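Biologist: Please show me the model, and then we can go through its sheet.

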Amino acid sequence: MNAELRQLIEQGTMAPRLWFYTNYHCNLACDYCLTGSSPRAKRRILEPERILRLADQAASAGFGSFGITGGEPFLNPWLPDLALELARRRPLVLLTNGTLFTERLLRRIDGFADVPLEIQISLDSADPIENDAMRGPENFARVVEAIPRLVEMGVTVRVASTLVDGVDDELPRLCELHRSLGVDDDHHIVRPIVARGRAREQGYGIDAGLAELFPELTITADGAFWSPFGATARPGADLDTELLLTRQIEPLERPLDVMVGHLRGRPPGTDANLGIR
């Protein structure tokens, strides 16, 4: 176990979760997408074999949980098998837009209820028109159909709401909706738009850098980043390197040492100004 990592986690200075970006392409093209993901985006795949090697190293180093994000992870046919393998090692949270849960996919993830795994689905408004204006046609209908199905299967579901104006009048209606779908308040995440990727191109969101983003080591095919909010794509460019720690991701010891070096000397309990988790 990495003694410095353990101390930073215990102090609340660094997150105990290691994030993996499995890919960057997506079946949606949300207006505020910080990775600039879309059906035409570069895939930038982080292969499952590599993820599992890194996960084993992370478990040995002292990380307590894993996260998967993208792009849309379920566009990768191997994702269900990978998620099960990760969740057998450490608790896993899996981010998805919630639009791909066909009967076939639901059968493939039947084992998700038997492992410590949570699926986090994006839902930004209780109004279908407003939600779909930001995220894409029929997004709302697919999400509100998928969530109760997953809950019925025994899968733990989290709802993540990205609000244009932060916590506003939309929140009470959203809470009423997610409760009706079987998701309690403890599993509802509310966050602002971060001015990165497509959101920056559209001209909205709040600035977020090292001082605002909580340190959560994030691994992508392009390198290791300070936070899952840092592994972004700029309009007209392949990668935003502002929060890039190192291009080298294997062995995990290398990016971990870089991040720990940034955090040495920070007072215990230091937290992000934005409180984004």
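The questions below concern the strands of this predicted model and their pairing.

Biologist: In what order do the nine strands of the open sheet lie?
Modeller: The sheet is open and its pairing is mixed. From one strand to the next, the twist averages 25°. Read across the sheet, the order is β6-β5-β4-β3-β2-β1-β7-β8-β9.

Biologist: Which strands stand at the edges?
Modeller: An edge strand here has a single partner strand, so one of its sides is left without a neighbour in the sheet. That applies to β6 (188-192) and β9 (244-246).

Biologist: Which residue in β5 is the bridge partner of Ile 121?
Modeller: Strand β4 covers residues 117-122 and β5 covers residues 156-163. The two run parallel and are joined by five bridges. Glu 118 stands opposite Thr 156 in β5. For Ile 121, the bridge partner is Val 159.

Biologist: Which residue in β6 stands opposite Ser 161?
Modeller: β5 is also joined to β6, by five bridges, and these strands run parallel. Opposite Ser 161 stands Val 190.

Biologist: How many of the eight residues of β5 are buried?
Modeller: A residue counts as buried under 20% relative accessible area. β5 is largely enclosed by the rest of the structure, because the buried residues number seven of the eight.

Definitions and conventions:
Residues numbered from 1 in each chain as written. Predicted model: local features only at pLDDT ≥ 70, side-chain atom pairs only at ≥ 80, totals over all residues. Heavy atoms only, no water. Pairing = 2+ DSSP bridges. Helix = DSSP H or I, 4+ residues; strand = E, 2+ residues; numbered from the N terminus. Axes fitted to C-alpha atoms, helices over the stretch in contact; angles between N-to-C directions. Buried < 20%, exposed > 50% of the residue type's maximum accessible area, 1.4 Å probe, protein only.
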